[in-house]
Each structure stands twice: as C-alpha cells, then as structure tokens.
Amino acid sequence: MKTQVGIIGGGPSGLLLSQLLHLQGIDTVVLEKHSREHVLGRIRAGVLEHGFADLMREAECAARMDREGEIHEGFFIAHDGVKDRVALKELTGNTVIVYGQTELTRDLYEARDKRKGAVIHHAEDVMPHDLEGKPYLTYRSGDEIKRIDCDFVIGCDGFHGVSRKSIPRAKLREFERLYPFGWLGVLSRTKPVSPELIYCKHERGFALCSLRSQTLSRYYIQVPLTDKEGDWADDRFWDEFKRRLPPDAASQLITGPSIEKSIAPLRSFVAEPMRFGNLFLAGDAAHIVPPTGARGLNSAASDIYYLYHALLDHYKRGNDDGLNAYSQKALARVWKGQRFSWWMTMLLHTFPDQAAYDQRLQETDLSYLFSSPRALGSLAENYVGLPF
Ligand code: FAS
Ligand code: PHB
C-alpha cells in the first residue's frame, strides 16, 4: 500500500490530522493497534480550548460538539473554606467547551468513516522504517506482515507508543517530573454538583468537580500512588470526595453508582526534538502533563495545527519551512502548557511531608492570585488556551 502521510495512532491527534489533511486532498492511512470500542472506552479529557474547538470546526467534525458541548465562562477554585471564581470570559474574552474526549473521538471516527478514510484497527507490531530516507511502515494483520510506503510518518501513538522509541537514543532528550500522587476518577449518572468546574485545594487532598453533561458527572480525588481502584468502593469515594468539597457543594452533592472508575498517575514529560528525519511526533507521543490544568488534549491541538499547515505547504506549495520549523514551534507552546500544568498542580495538591515553608508558599500564591487581576488574568489566558 502507498500513501502520502502514514499516521501511527487512532486517538484524537491521529484522527484529527487525518481528517484535516483528507479535506485538502492529502492521502493518509491511520494505523491503530486497538479496536474502535477499546479506544472509545477510555474516559479522558473533558475541557477543550477554543483553539481545539476551532480545529474541529475546520475539520467539519464539530456539529455535535457545538450542539451538545457546554460553553463555560469560568470555573471556581475552592480553598480555605471559600470559593473564588476565575471569570475566564471577563478576563480574556474567551471561553472553554466542556465536551468529553470520548465523544470528540467518536465524532472524528464517524467523520473518517463518512469520507471513507483509511483507519486500520488491530494493527499489531507497527514499526516505522527508513525514517531518514524513504520511510515505510510495517504492521501485522493476523499472520500477514503488511507494508505501507509513505512520504512522512506522524507518531500520534501516545506515551506508550512505538514512534518516540524509534528515534535513536542519542538524538532524543527527555525531560520528566513525577508527582507523589495520582488521580482517582469516577464517572456517575448523577446531576453535577456545580454548573461550573470546582478545583478544590484541601488538607486531605485535591478534588475536582467536573461534568460531561447535566446528567453525567466526572469527579476526581487525589490519592496516594500506592492506591488501586479496588481500594475505593463507591461509598468510600463519595465520603472522601464530599469531605474535600466546599460546604455549599457538599450539601448539594448527589451520589450514585460509579459507571467508570480509574486511577491515573501524574507525570510531566517532554521529548525533544519532536522530529527525526521524516518522522514527526504529536500529542501524548511527545509530551504528557498532569491533568490539573486541562492541557493534555489541548497541547495536542497545537501540534496538529502546526503539522497540518506544514504538510499543506509541502504538498501544495513545495515549501518545507513549516516542516523544518515544526519541532521548535510546537515545543515553544508545549512548554508553556507544561509550565501551567505544573504550576496548577503545585498550587492545588497536598504534598506528603511538605515543608512548612512550601505550605506558606502555596497559601501565598493563592491569596496573591485572587488579590491581583493581572495574576488571575495570567491563569485565565493559559486555561482558555494561549494562541497557536
Ligand atoms: P492517545 O494516547 O489518546 O492516543 C494514542 C493512540 O495510539 C491510542 O488509541 C493507542 O491505542 C494507539 N497506539 C499506541 N501505541 C500504538 C502502536 N504501537 N501502534 C498503533 N497504535 C498505537 N487530558 C486532559 O486534558 N484532561 C484530562 O482529564 C485527561 N485525563 C487523562 C487520563 C488518562 C488516564 C490519560 C492516559 C490521559 C489523560 N489526559 C487528559 C490526556 C489525554 O486526554 C491525552 O492528552 C490525549 O489522549 C492525547 O491524545 P493522543 O495524542 O491522540 O494520544
Ligand atoms: C475532566 O472533566 O475530565 C477534567 C476537567 C478539567 C481538568 C481535568 C479533567 O483539569
């Protein structure tokens, strides 16, 4: 098989790039190792920057997002018994859309199907070859090894994928910070406790009130790294969650059976450069953030935006400036997302054995934040998404 752009990974990054290029007549093939049901079964991001939403509209995949997604003009930070609001729209003129990654990925799959896009599931043992020459991909389908010749390989295969690992160690530099806790996430068919998100800083640990719709709540609590989902029966989760909420929310909390429960460790990670020969990395394949700043999926958006325009310039105008500048340009925005996610995580979580001095710094950071419109404006502009 031959194609112009071979994409490893059928998550939001790979699918969005494939759809955008297809609309411009550029041929792609997406190789996804899992089934579609498996990909859609993962509960992940919930908040989309306006930049991501605009890309979905440009990809002609935004009808349901615009119909069912909720526009949010602000969110709350609860701390020391008070709830302060971050008025995103007043501070920046922009808003965010609350729309689950699962639904967004479903919309992208449906758009690929409608245009008969080549998305191959159950692609086992995907391997990129000859990345500094004329690249090709191989993968196993049943007992058969198949080959796809392409001009470029885009690694959209997430943190555990094969593409970043295909770059020679000597060419790659990795930056990582691990956090001494994880997030236990619960999905429940209950009315959300708050119409806007509430990030709760609490001495017992961080908690987050989010949602997927007015009948589907998405809640998180900070848990020790040693905890497993099995340690948290629903009753134990609801009791602990309620203890970390501000009083008005705690009194209105509606509990119910969890329909999904998972623990994700928190990590900050960046791989540089995001290019090796004709291989380009995008999304989680190149960078990971703790979800505190809702930057994970949104950091992938600017990678896809830069790659999409760079590939257009290559194929339509024979100009490779965009491809040659991709890694540097993408990393500049990725690192701003890293900084913001790290800062929000340090601000709102309870660190085991935290020095008293660091505790005072957290408290001072919060009081400064809500005493200075400029400090709050900085938080808000990062949350709604810095310009591409
Ligand atoms: P993805 O990981 O989504 O997709 C990669 C795809 O490649 C997968 O479908 C995988 O099956 C496939 N793949 C992997 N290896 C392959 C191989 N060798 N061959 C072929 N295919 C391969 N972000 C937020 O903003 N908010 C959140 O609350 C949030 N929560 C998260 C919770 C968890 C547990 C995780 C892991 C991430 C979370 N994220 C969150 C971040 C998440 O949303 C990512 O940023 C987003 O999925 C990035 O999308 P992709 O880059 O497409 O990577
Ligand atoms: C979510 O709804 O899953 C969500 C929202 C905001 C975050 C993290 C997760 O910062």
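What follows is a chat about a predicted model with two ligands.

Reader: Start with ligand 1. How many residues surround ligand 1, and which are closest?
Author: The model is predicted. In it, 29 residues surround ligand 1, and the closest are Ser13, Glu32, Arg42, Arg44 and Gln101.

Reader: How do the residues of that shell divide into nonpolar, polar and charged?
Author: The shell around ligand 1 has 13 nonpolar, 9 polar and 7 charged residues.

Reader: Which helices each supply at least two residues of that shell?
Author: Helix 1, residues 12–23, and helix 9, residues 296–317, each do so for ligand 1.

Reader: What lies 2.8 Å from an oxygen atom of ligand 1?
Author: An N or O atom in the side chain of Arg44 does. The side chain of Asp284 also has an N or O atom 2.9 Å from an oxygen atom of ligand 1. From the backbone, an N or O atom of Gly296 is 3.3 Å from an oxygen atom of the ligand. On its own, ligand 1 has 990 Å² of accessible area, and the protein covers 85% of that.

Reader: You listed Arg42 among the closest. Where is Arg42 found?
Author: Arg42 sits in the loop between helix 2, residues 36–40, and strand 3.

Reader: Why is Arg42 called partly exposed?
Author: Because its relative accessible area is 28%, and partly exposed covers the range between under 20% and over 50%. As a distance marker, the C-alpha atoms of Arg42 and Lys191 are separated by 21 Å, with the two residues 149 apart along the chain.

Reader: Now ligand 2. How many residues surround ligand 2?
Author: There are 14 residues around ligand 2, and Tyr199, Ser210, Arg212, Tyr220 and Pro291 are the closest. By type, the shell around ligand 2 has 8 nonpolar, 3 polar and 3 charged residues.

Reader: Which strand gives the most to the shell around ligand 2?
Author: Strand 15 does, with 3 residues. Strand 15, residues 207–213, and strand 16, residues 216–223, each supply at least two residues of the shell.

Reader: And which domains does the shell around ligand 2 draw at least three residues from?
Author: Domain 1 (5–72 + 97–176 + 267–348) and domain 2 (180–266 + 352–384) each give at least three residues to the shell around ligand 2.

Reader: What is 2.6 Å from an oxygen atom of ligand 2?
Author: An N or O atom in the side chain of Tyr220. Polar backbone atoms also come up: one of Ala294 is 3.3 Å from an oxygen atom of ligand 2, and one of Arg44 is 3.5 Å from an oxygen atom of ligand 2. Taken alone, ligand 2 exposes 270 Å², and the protein buries 97% of that.

Reader: Switching to strands. In strand 12, which residues point one way and which the other way?
Author: Strand 12 covers residues 152–155; Phe152 and Ile154 point one way, Val153 and Gly155 point the other way, and all are buried.

Reader: Which strand is joined to strand 12 by 4 bridges?
Author: Strand 1, residues 5–8, running parallel to strand 12. Ile8 has Gly155 as its bridge partner there. Strand 12 is also joined to strand 19, residues 279–281, by 3 bridges, again parallel. In that pairing Gly155 stands opposite Leu281.

Reader: In what order do the 3 strands of the open sheet come?
Author: The order is 3-7-4, with antiparallel pairing. The edge strands are strand 3 (47–48) and strand 4 (70–72), each pairing on one side only. Strand 4 and strand 7, residues 96–98, are joined by 3 bridges, and Val96 is the bridge partner of His72.

Reader: His121 next. Buried or exposed?
Author: His121 counts as buried because its relative accessibility is 19%, and the cut-off for buried is under 20%. His121 lies in the loop between strand 8 (118–120) and strand 9 (124–129). A polar atom of its side chain lies 2.9 Å from the backbone oxygen of His34.

Reader: Backbone geometry last. Which peptide bond is cis?
Author: The bond from Glu272 to Pro273 is cis, with omega near -15°. Pro273 is in the loop between strand 17 (258–272) and strand 18 (275–276). Most peptide bonds are trans.

Reader: What is phi of Asp80 near?
Author: Phi of Asp80 is near 50°, a positive value in a residue other than glycine. Asp80 lies in the loop between strand 5 (75–79) and strand 6 (82–86), and counts as exposed at 64% relative accessibility. Asp353 has a positive phi as well, near 55°. Asp353 is in the loop between helix 10 (321–348) and helix 11 (356–369), and is exposed at 79% relative accessibility.

Methods:
Residues are numbered from 1 along each chain as its sequence is written. Chains are lettered from A and ligands numbered from 1 in the order in which they are written. This is a predicted model: local features need pLDDT of at least 70, side-chain atom pairs count only at pLDDT 80 or more; totals for chains, interfaces and linings use all residues. Side-chain values use heavy atoms; hydrogens and water are left out. A residue is near a molecule or strand if one of its heavy atoms lies within 4 Å of it. A polar contact is a pair of N or O atoms within 3.5 Å; within protein, one must be able to donate a hydrogen and the other to accept it, and residues adjacent in sequence count only if both atoms are side-chain atoms. Accessible areas come from the Shrake-Rupley method with a 1.4 Å probe; for residues, only the protein chains shown count as cover. Ala, Val, Leu, Ile, Met, Phe, Trp, Tyr, Cys and Pro count as nonpolar, Asp, Glu, Lys and Arg as charged, and the others, Gly among them, as polar. Domain bounds come from an automatic or database domain assignment. Buried means under 20% relative accessible area, exposed over 50%, partly exposed in between (1.4 Å probe, protein chains only). Two strands pair if DSSP finds at least two bridges between them.
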